[in-house]
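Work through the exercises below with the sequence and the structure in view, and try each task before reading its solution.

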Amino acid sequence: MWNRPRFDLKVRLTLRVAAILAACFAAISAYFLLEADRAAHARSDSIAAIVAKSLELQQGKVQWVANPRSDFPNLDPVSAYVMTPGLCLAFRGPGGDILQRFCSGAPIPSNPPPLVFAAFYRSLFDPGREAARPVIVRGTRLGETVVSVDPAVQTAEAWHEAGRLMLALAIALPLLCVLVYAALARALRPTRMIRTGLERIAANDLTTRLPPFDLAELSAIRDVFNHLAQSLDTALAERNELTRKLIALQDEERRHLARELHDEFGQSLAAIRALAASARQTAAQDCPSLLSECDGISRTATGMMETLRGALFRLRPPDVEELGLVASLEGLVAGWNGRSRGQTRFSIRFDGAVETLPAAISANLYRIVQEALTNAAKHADASKVSLELTMRPGEIALAVDDDGRSNDPAAKSGMGLLGMRERVAALRGRLSFEAGPNGGSALRVVIPLEAADRPMLDHAA
């Protein structure tokens with residue numbers, strides 16, 4: 001995809017308006033130049049006609065008085081009336097020779113046209129073009145009058161006409177651009193509010209709503225935005241309610257499984273240990289060679305009971321409402337340190353009045369920390385894991401840092417992390433899991449305290 005430069009909408013529209021205005025001014029200037037050129041040629045044609053008529057009258061008078069001495073052609077009488085600066089009058093005989101010529105001097109213009117304009121004007125309009133009219137007396141062509149204007153004078157007159165338009169353009173165009181930009185800035189001011197609303201929506205603040213706008217287009221965007229925000233808020237609330245019910249069902253199944261394992265499997269292991277002890281007493285009297293097998297059965301049953309006790313603890317942890325979140329988490333960390341046998345060390349720190357958290361948030365935080373420790377110890381293969389629970393105004397923040405493998409796919413996409421995301425989403429919080437600044441992984445969870453006001457079904461987790 002091409003990376004096109006981004007321009008501010010106000011600047012882009014202002015530039016387009018400026019281009020349109022410049023094109024309009026250019027068209028008007030071209031029209032005035034065309035009119036000036038047409039008027040100059042019309043004036044030359046009319047002067048040529050006047051001079052030709054005067055010469056015809058002169059020749060007719062000479063023939064009428066039968067004056068053998070003739071000063072025809074004589075341009076003096078007519079030149080006094082039609083001569084203008086830069087104008088040339090001439091009479092060309094039938095053979096093409098100029099028999100008489102009068103030219104008035106061209107004054108030095110006080111504001112000469114630029115060389116670029118002069119070259120442009122001469123290439124388009126051919127200033128100085130001659131205007132000729134035949135002189136005919138009694139059906140005989142005596143010659144023709146020729147009228148021309150100095151190209152420099154005609155170019156200076158055209159520049160004088162176009163220069164006023166260019167001066168008006170130089171003054172009006174920047175002023176119009178400023179006015180257009182100011183008007184667009186005022187009209188597009190609501191777009192900042194729309195952008196702010198979208199940023200708040202992206203930050204999961206679905207309570208954002210836009211106010212009414214004056215422009216119909218922006219009002220339509222506002223209606224769609226508010227409808228979308230309302231739909232997202234409703235969908236998120238329904239998803240969170242479903243997530244809370246699923247979590248509650250999951251915890252209820254865990255408690256049911258813990259009871260079944262404790263009542264059935266635990267009793268069976270206790271019976272095996274009792275039978276192993278009874279068999280050992282019998283073997284000590286009748287068959288001493290079976291003592292080692294009886295001790296092995298007893299040790300295996302004892303190990304299975306220890307494993308079962310750990311599984312029961314994970315399935316049904318201590319009641320957070322009874323012990324409190326701090327004591328429950330400290331016990332959880334101590335249990336992991338006890339099971340690590342020196343391989344993985346866990347530490348936890350509390351900042352703020354964590355014990356004042358509502359029971360719903362405390363129970364879910366315990367489950368989140370439990371999954372985070374399992375994820376760091378089993379999947380990331382970390383040797384050091386630090387936890388920090390911080391109470392902030394309006395929110396509670398959890399930070400878990402380890403020195404394990406940050407690029408392990410199981411650590412990033414396992415069921416433990418999915419469960420954490422579900423619990424955090426149910427509390428309308430934010431969760432991020434990424435590589436730590438010094439290696440390892442960094443888990444960040446932020447939960448708003450207003451989530452405690454929402455109904456939670458995980459009190460007995």
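**Exercise 1: a pair of neighbours**

D223 forms a salt bridge with R222, and their closest N and O atoms are 3.2 Å apart. This is a predicted model, in which local features need pLDDT of at least 70, side-chain atom pairs count only at pLDDT 80 or more, and totals for chains, interfaces and linings use all residues. Residues are numbered from 1 along each chain as its sequence is written, and side-chain values use heavy atoms, with hydrogens and water left out.

Task: decide whether D223 is buried or exposed, or in between.

Solution. Begin with the term salt bridge, which is a side-chain nitrogen of Lys or Arg within 4 Å of a carboxyl oxygen of Asp or Glu. Side chains of opposite charge can pair when their charged atoms come close. Next take the accessibility classes: buried means under 20% relative accessible area, exposed over 50%, and partly exposed in between (1.4 Å probe, protein chains only). D223 has a relative accessibility of 44% and so counts as partly exposed, while R222, with a relative accessible area of 23%, is also partly exposed.

**Exercise 2: pairs between strands**

Task: find which strands hold R349 and E388, whose side chains meet in a salt bridge.

Solution. The N to O distance in this pair is 2.1 Å. R349 lies in strand β5 (residues 345-351) and E388 in strand β6 (residues 384-392), so the salt bridge ties together parts that are 39 residues apart in sequence. Helices (H or I, at least four residues) and strands (E, at least two) are DSSP runs, numbered from the N terminus. R349 is partly exposed because its relative accessibility is 43%, and E388 is partly exposed at 27%.

A further pair is formed by R444 and D401, whose side chains meet in a salt bridge at 3.0 Å, N to O. This pair links distant parts of the chain, with R444 in strand β9 (residues 441-448) and D401 in strand β7 (residues 395-402), 43 residues apart. Salt bridges that share partners also join R92, E130, R141 and E144 into one network, and the structure holds 11 salt bridges.

**Exercise 3: a helix and its length**

Task: work out what span helix α6 should have at 1.5 Å a residue, and set this against the distance between its end C-alpha atoms.

Solution. The expected span of a helix is 1.5 Å times one less than its number of residues. Helix α6 (residues 216-286) has 71 residues and should therefore span 105 Å, which agrees with the 101 Å between its end C-alpha atoms. The helix α6 bends by about 30° at L261, where the bend is the angle between axes fitted to the seven residues ending there and the seven starting there.

**Exercise 4: two buried residues**

Task: say where Q100 lies, and which residues it contacts beyond its neighbours within four places in sequence.

Solution. Q100 lies in strand β2 (residues 98-103) and is buried, since its relative accessible area is 17%. Leaving aside those neighbours, Q100 is in contact (heavy atoms within 4.5 Å) with P73, N74, L75, L89, A90 and F91. For S328, the place is in helix α9 (residues 325-340), and this residue is buried, with a relative accessible area of 2%. The C-alpha atoms of S328 and Y366 are separated by 7.6 Å, although the two residues are 38 apart along the chain.
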